[in-house]
Amino acid sequence: MKEKNDGKSGLSITVDVPVELERAQVIFNLDHSAFSGDMPLGIRHMRALAGRFRDEKIRQSIVGLFNADAAYMVLNDEAYNDFRKISTGNPYKKLIGELLDMGIQLE
């Protein structure tokens, strides 16, 4: 571990410990809606992490636990329409399908 003065905010710490990750087990608790534009942040982060693990050839087990206020994102079209009082179907269906295609489990 090294400490150095970066001249801006005081001291910064750098840790030089190489890590070779072979397997990762991650659970995302998606219990409320949070968005960046129209994209749910939890879905964005799961996709990014799964892609990074794939690129680095890290065995992965990622589970997205949709519950509470965010559970509506994984409903089928009929249930989504009934819950949200609309008739357009679930707009997250494609994103959810992509997560499943990436091997991400959804609960």
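The following exchange concerns a predicted model of one chain, its overall form and the setting of one asparagine.

Biologist: In what order do the helices and strands of the chain run from the N terminus?

Modeller: The chain holds three helices and seven strands. Read from the N terminus on, these elements follow the order β-β-β-β-β-α-β-α-α-β.

Biologist: What radius of gyration does the chain have, beside that of a compact globule of 107 residues?

Modeller: The C-alpha trace spans about 60 × 35 × 20 Å along its principal axes. For a compact globule of 107 residues one would expect a radius of gyration near 13 Å, whereas the chain has 19 Å.

Biologist: What share of the 107 residues in the chain is buried?

Modeller: The chain exposes about 7800 Å², of which carbon and sulfur atoms supply 50%. Taking buried to mean under 20% relative accessible area, the buried share of the 107 residues is 27%.

Biologist: Is Asn-90 buried or exposed?

Modeller: Asn-90 lies in the loop between α2 (77–84) and α3 (93–101). Its relative accessible area is 7%, and the cut-off for a buried residue is under 20%. Asn-90 therefore counts as buried.

Biologist: Which residue offers the backbone oxygen that the side chain of Asn-90 reaches?

Modeller: Leaving aside neighbours within four places in sequence, Asn-90 is in contact with Tyr-72, Met-73, Val-74, Leu-75, Asp-77 and Tyr-80. The backbone oxygen that the Asn-90 side chain reaches, at 2.7 Å, is that of Leu-75.

Note on methods:
Residues are numbered from 1 along each chain as its sequence is written. This is a predicted model: local features need pLDDT of at least 70, side-chain atom pairs count only at pLDDT 80 or more; totals for chains, interfaces and linings use all residues. Side-chain values use heavy atoms; hydrogens and water are left out. Helices (H or I, at least four residues) and strands (E, at least two) are DSSP runs, numbered from the N terminus. The radius of gyration is taken over C-alpha atoms; the globule rule is 2.2 Å times the number of residues to the power 0.38. Buried means under 20% relative accessible area, exposed over 50%, partly exposed in between (1.4 Å probe, protein chains only). Accessible areas come from the Shrake-Rupley method with a 1.4 Å probe; for residues, only the protein chains shown count as cover. A polar contact is a pair of N or O atoms within 3.5 Å; within protein, one must be able to donate a hydrogen and the other to accept it, and residues adjacent in sequence count only if both atoms are side-chain atoms. Contact means heavy atoms within 4.5 Å.
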